[in-house]
Amino acid sequence: MEKITLNFDKTFDFISEDAVNGYAAELQKHNEALHNKMGKGNDFLGWVKLPSSITEAELADFEATAKTLQDKKIEIFVVIGIGGSYLGAKAVLDALSDSFAHLKGSDKPLVLFAGQNIGEDYLHELRELLKNKEYAMAVISKSGTTTEPAIAFRLLKKDIEDKYGKEEAKSRIVAVTDANRGALKSLAVSEGYKTYVIPDDVGGRFSVLTPVGLLAIAVAGFDIRALVQGSVDMENASGPDTAFENNLPAQYAAVRNELYKNGKLIEILVNYNPKLHYVSEWWKQLYGESEGKEGKGIFPASVDFTSDLHSMGQYIQEGERTLFETVISIGTPDQEVSIPTDADNLDGLNFLAGKRVDEVNKMAELGTMLAHVDGGVPNMQIVLPKLNEYSLGQLIYFFEKACGLSGYVLDVNPFDQPGVEAYKKNMFALLEKPGFEEETKAIKARL
Ligand code: PA5
């Protein structure tokens, strides 16, 4: 099975190869710290050896639950969760799914999400849709106390019970949460839902290869074994015994940190395939929450090309020179579409006749890369030979490992997110949550 590759020679107009190689010893030390649980945030390093620790029994269990739900002929599987309890599954599902599956009809359930926002119209429209559909749901929250999914679950739990009756509803609800703590855990125990545990030492944004991601991916009918195999192979290819020149996550961490040191403060993750949009969203959470602290961190941004070449292209070419790009490139698409000849050639496109659409896309990619490098934007390229489960498994672990290493180079704890609490405190104070009386008084005085 083909491996993903990393090219960074188009950064060498801006940083030197020697400087990149100069990170080797430091990254070796950080890699050992991740594996030996000796670094910052060491109680959240369960993801490091997670892929290789997933057992056959666990995979079979996800597949069995998926089959039980599919056997109920569900059309929709609603996944309720936010942040790390949402983005990983969404990224993999969008990357693997037919872009129009929901309009074409499929024998596999469509996965929809809830609790990833507090949009009232969104929730209303989803509930209206579900009235006339066969469905089941997973409610996912590591802490079990997050407001957005809790509100969505309160609403959808009532709806599913009203539709199917309490007993049948129970068999259509799966809870994914902490082993012992949180309101969701208590609720799942008291209601008797099938429950999966998110390991204590795996933080939300590193949890896609736990039940958080794997269950929904299995329910949608994708091959979780190939996904896990990809991540196992990347785990093995980036361990402490792997030399820097073969260790892709370490190389990526080195290049992006050297660029950052040289004033490239913003990393744009670029794709040329719209199915990768949510891979970028997942990546932004992973890097944004892990690195953005103590006044430090590369700002993670993303664009979908060529669409965004017609919106953000101008800025990237000629705006502030604080950017660098990391392009995710797909080797070969699954389908073949060739451009036909037209006798009249009124659109002047006959020079492309006979070429595959992907050939045009690849030339756009190459041309853009060269133009952006000429314009002062260093480029890296990650190549996935095919957009499939195995490549995505490699990519997920690649980014996770590089994120841990990068965070250690920056000298922050990549595994906490203290800044996320600030908005919650204000929201609860404004909503007059019991226990927030002082904060309510203080915030109201500011209004
Ligand atoms: O990475 C993280 O830890 C966060 O983004 C969480 O995933 C997010 O806040 C959701 O938390 P929970 O799963 O506890 O509901």
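**Two helices, a loop and a ligand**

Hi everyone. Let's begin with helix H11, where the buried residues are Pro211, Val212, Gly213, Leu214, Leu215, Ala216, Ile217, Ala218 and Val219. That makes H11 a mostly covered helix, with 9 of its 9 residues buried. Keep in mind that what you see above is a predicted model. Just after H11 comes Gly221, and its phi is positive, near 95 degrees.

Now please find helix H16, residues 357–374. How far apart are its end C-alpha atoms? They are 26 Å apart, and this agrees with the span you would work out, because 18 residues at 1.5 Å a residue should cover 26 Å.

Which residues of H16 are buried? They are Asp358, Glu365, Thr368, Met369, His372 and Val373. If you look down the axis of H16, these buried residues fall within an arc of 125 degrees, so they line one face of the helix. Here is a handy thing to remember: an α-helix has 3.6 residues a turn, so residues three or four places apart point the same way.

What do the buried residues of H16 pack against? Their partners are helix H15 (313–318), strand S9 (323–330) and strand S10 (379–384). Turn to the other side of H16, and you meet Met363 and Asp374, which are exposed. After H16 comes Gly376, with a positive phi near 100 degrees.

We have just met H15 and S9 as packing partners of H16, and the loop between H15 and S9 is where Thr322 sits. Is Thr322 buried or exposed? Its relative accessible area is 19%, and buried means under 20%, so Thr322 counts as buried. Setting aside neighbours within four places in sequence, Thr322 is in contact with Gly263, Lys264, Leu265 and Ile266.

Last stop: the ligand. How many residues surround it? There are 13, and the closest are Ser85, Ser141, Ser143, Thr146 and Gln285. Let's go through the three serines. In the side chain of Ser85, an N or O atom is 2.7 Å from an oxygen atom of the ligand. For Ser141, the distance from a side-chain N or O atom to an oxygen atom of the ligand is 2.6 Å. Ser143 has a polar side-chain atom that lies 2.7 Å from an oxygen atom of the ligand. On its own, the ligand has 390 Å² of accessible area, and the protein covers 88% of that.

That's my tour. Thanks for listening, and do spin the structure around yourselves!

Terms used: Residues numbered from 1 in each chain as written. Predicted model: local features only at pLDDT ≥ 70, side-chain atom pairs only at ≥ 80, totals over all residues. Heavy atoms only, no water. Helix = DSSP H or I, 4+ residues; strand = E, 2+ residues; numbered from the N terminus. Expected span 1.5 Å × (residues − 1). Buried < 20%, exposed > 50% of the residue type's maximum accessible area, 1.4 Å probe, protein only. Arc of directions from axis to C-beta. Contact = heavy atoms within 4.5 Å. Near = heavy atom within 4 Å. Polar contact = N/O pair within 3.5 Å; in protein donor to acceptor, adjacent residues only side chain to side chain. Areas by Shrake-Rupley, 256 points an atom, 1.4 Å probe, with all protein chains shown as cover.
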